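Colleague: I am new to this structure. Please take a close look at one part for me: the pairing of charged side chains.

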Amino acid sequence: MRSILIASLVSIGVLAGGQALASEQLSKDAGCVKCHDIDKKKKGASVKSIAAKYKGKAGAADQLVADLKAEKDDHPKPKTSDADLKAIVTWMLAQ
């Protein structure tokens, strides 16, 4: 029983890590890295500063997705699906 629990926890960790890597790759594929770096300000704010700004705010991911789709604040329209955009924003906010 204990080994099943350990195997399950390891599997969950691997899957979660895979999702994080996938979302990071989505951000690269969507061109986010042209203006956003993880730690440093480029043309746009750093991913970590965006995450800090919205930390603890309910509905932050949905609001950011809506703002991005509306091309708010001179942000170019994302060239990705709504599902991928949500995954990217969720990943960014988790940093």
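**Charged pairs and the helices they join**

Modeller: Start with Asp39, which counts as exposed because its relative accessibility is 52% and the cut-off for exposed is over 50%. Keep in mind that this is a predicted model. The partner of Asp39 is Lys48, and their side chains meet in a salt bridge, at 3.2 Å from N to O. Lys48 has 42% relative accessibility, so Lys48 counts as partly exposed. This pair therefore joins an exposed residue to a partly exposed one.

Why would such side chains meet at all? Opposite charges can pair when the charged atoms come close.

The structure holds 4 salt bridges. Two others are worth a visit, and both involve helices.

Look next at Asp62 and Lys86. They form a salt bridge whose closest N and O atoms are 2.3 Å apart. Asp62 sits in helix H3 and Lys86 in helix H4, so the pair ties together parts that are 24 residues apart in sequence. Lys86 is partly exposed, at a relative accessible area of 32%.

Now find Asp82 and Lys69. Their side chains also meet in a salt bridge, at 3.1 Å from N to O. Here Asp82 belongs to helix H4 and Lys69 to helix H3, so this pair ties together parts that are 13 residues apart in sequence. Asp82 counts as partly exposed, because its relative accessibility is 48%. Lys69 is partly exposed too, with 40%.

So helices H3 and H4 are tied by Asp62 with Lys86, and by Asp82 with Lys69. H3 covers 60–69 and H4 covers 82–93.

These helices matter for one more feature, the largest pocket. Its space comes to about 940 Å³. Its lining has 30 residues, and the closest to the pocket centre are Cys35, His36, Leu68, His75 and Pro76. H3 and H4 each supply at least two residues of that lining, and so does helix H2 (47–54). Which helix gives the most? H4 does, with 5 residues.

What is the lining made of? The residues divide into 15 nonpolar, 6 polar and 9 charged.

To recap, follow H3 and H4. Salt bridges tie the two helices, through Asp62 with Lys86 and through Asp82 with Lys69. Both helices also help line the largest pocket.

Terms used:
Residues are numbered from 1 along each chain as its sequence is written. This is a predicted model: local features need pLDDT of at least 70, side-chain atom pairs count only at pLDDT 80 or more; totals for chains, interfaces and linings use all residues. Side-chain values use heavy atoms; hydrogens and water are left out. On a 1 Å grid over the protein atoms alone, a cavity is a set of points where a 1.4 Å probe fits but cannot get out, and a pocket is an open set with protein on both sides within 12 Å along at least five of seven lines; lining residues have an atom within 4 Å of a point. Grid points are joined across faces, edges and corners, and a volume is the space filled by probe spheres set on the points. Helices (H or I, at least four residues) and strands (E, at least two) are DSSP runs, numbered from the N terminus. Ala, Val, Leu, Ile, Met, Phe, Trp, Tyr, Cys and Pro count as nonpolar, Asp, Glu, Lys and Arg as charged, and the others, Gly among them, as polar. Buried means under 20% relative accessible area, exposed over 50%, partly exposed in between (1.4 Å probe, protein chains only).
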